[in-house]
There are 4 protein chains.
Amino acid sequence: MALSSDEVNFLIYRYMLESGFQHSAFSFGSESMIAKSSINGESVPPGALITFIQKGLQYIEIESQVNQEDEKLSALR
Amino acid sequence: MALSSDEVNFLIYRYMLESGFQHSAFSFGSESMIAKSSINGESVPPGALITFIQKGLQYIEIESQVNQEDEKLSALR
Amino acid sequence: MALSSDEVNFLIYRYMLESGFQHSAFSFGSESMIAKSSINGESVPPGALITFIQKGLQYIEIESQVNQEDEKLSALR
Amino acid sequence: MALSSDEVNFLIYRYMLESGFQHSAFSFGSESMIAKSSINGESVPPGALITFIQKGLQYIEIESQVNQEDEKLSALR
């Protein structure tokens with residue numbers, strides 16, 4: 001599962017609107033041609049970008065713990 | 001572990017620069033006052049925002065699978 | 001003789017490009033929908049906005065001198 | 001009498017605010033560092049940019065008429 005550029009851009013655009021960065025949202029909407037993307041904005045929950053980033057962070061932490069466990073196990077063998 | 005607004009904003013700013021959205025990067029840099037944040041840009045690897053979002057997606061997929069397994073197990077009991 | 005909004009906006013847009021305000025030119029081009037105006041850019045000489053403003057200033061100065069002369073003449077009568 | 005860049009920029013900035021180009025005003029304010037200029041905004045009347053441009057146009061029309069008269073007079077000699 002991968003995100004398209006349009007999807008990433010939409011997440012960012014929405015974050016800007018939600019966070020009060022109205023001028024940046026305008027520039028980014030124009031420059032990334034958000035109006036021409038086929039994203040259905042209603043299907044994107046509020047705070048989606050932050051949610052994804054936070055879950056990404058958790059994933060990276062878990063990966064790092066798993067790797068440490070693996071190393072400990074390798075050391076035992 | 002949580003990201004601060006400054007960190008989220010910096011990830012977005014960097015993404016814009018890396019993706020050629022130079023006008024948006026300018027607006028967002030100004031509007032989010034990126035220059036006044038204390039982020040050390042050199043410590044942020046290229047493509048960091050995309051990496052976090054992709055890992056977040058993976059995490060959500062795994063969570064969803066785990067929940068499905070849990071439901072199957074509950075049904076067996 | 002009067003200028004339309006489209007003409008004023010085009011003069012400003014051109015000034016921004018000529019003066020190196022590229023991000024502002026982008027925002028203003030988008031926000032004023034410059035691409036949809038029917039101005040033929042080639043018919044607008046370089047520095048047109050500055051020329052108009054300077055001539056406007058000269059005009060105002062002359063007007064003010066003429067008014068002063070008028071007042072002096074009125075006082076003589 | 002000449003206008004400084006700061007003065008020209010301030011006239012444009014004010015025009016954008018008065019005309020509802022809020023995103024462009026933000027970008028231009030940042031890019032031209034309007035906040036660091038020493039213009040006293042209160043001394044600039046509403047619609048100043050348009051006034052200057054219109055007067056400039058009038059001046060150019062008068063100049064052009066004067067030149068035509070001069071040519072006619074030269075032709076008579």
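## A tour of the chain interfaces

Select chain A and chain B together. Between them, 17 residue pairs are in polar contact, counting pairs with both residues at pLDDT 80 or more. Keep in mind as you go that this is a predicted model.

**Stop 1: the helices of chain A.** Stay on the side of chain A that touches chain B. Colour three helices: H1 (5–18), H2 (22–31) and H3 (48–76). Each of them supplies at least two residues to that side. Which helix gives the most? Pick H3(A): it contributes 14 residues. Now colour that side by residue class. You should find 18 nonpolar, eleven polar and four charged residues.

**Stop 2: a salt bridge.** The count between chain A and chain B is two salt bridges. Zoom in on Lys55(A) and Glu63(B). Their side chains meet in a salt bridge, with 3.1 Å from N to O.

**Stop 3: the whole A–B interface.** Zoom out and show all the contacts. On chain A, 33 residues are in contact, and they meet 33 residues of chain B. How much area is buried here? Chain A and chain B bury about 3,000 Å² between them. Carbon and sulfur atoms give 71% of that area.

**Stop 4: the symmetry.** Superpose chain A on chain B. A rotation of 180° does it, with 0.0 Å of shift along the axis and an RMSD of 0.0 Å. The two copies are thus related as by a two-fold rotation axis. Next, select Gly56(A). Its C-alpha is the one in chain A nearest the axis, at 1.7 Å. Now compare the two sides. Why can we say that the copies meet through the same surface? Because 100% of the interface residues of chain A are also interface residues in chain B.

**Stop 5: chain C against chain B.** Hide chain A and show chain C. Here four residues of chain C are in contact with four residues of chain B. The pair buries about 400 Å², with 61% of it on carbon and sulfur atoms. Select Gln22(C), His23(C) and Phe26(C). These residues lose the most area to chain B, and together they make up 91% of what the chain C side buries.

Look for links across this interface. How many salt bridges are there between chain C and chain B? The rule finds zero. One residue pair is in polar contact, with both residues at pLDDT 80 or more. Finish by colouring the chain C side by class: one nonpolar residue, three polar residues and no charged ones.

Terms used
Residues numbered from 1 in each chain as written. Chains lettered and ligands numbered in written order. Predicted model: local features only at pLDDT ≥ 70, side-chain atom pairs only at ≥ 80, totals over all residues. Heavy atoms only, no water. Contact = heavy atoms within 4.5 Å. Buried area = accessible area lost by both parts, 1.4 Å probe. Salt bridge = Lys/Arg side-chain N within 4 Å of Asp/Glu carboxyl O. Polar contact = N/O pair within 3.5 Å; in protein donor to acceptor, adjacent residues only side chain to side chain. Nonpolar A, V, L, I, M, F, W, Y, C, P; charged D, E, K, R; others polar. Least-squares fit on C-alpha atoms with pLDDT ≥ 70 in both. Helix = DSSP H or I, 4+ residues; strand = E, 2+ residues; numbered from the N terminus.
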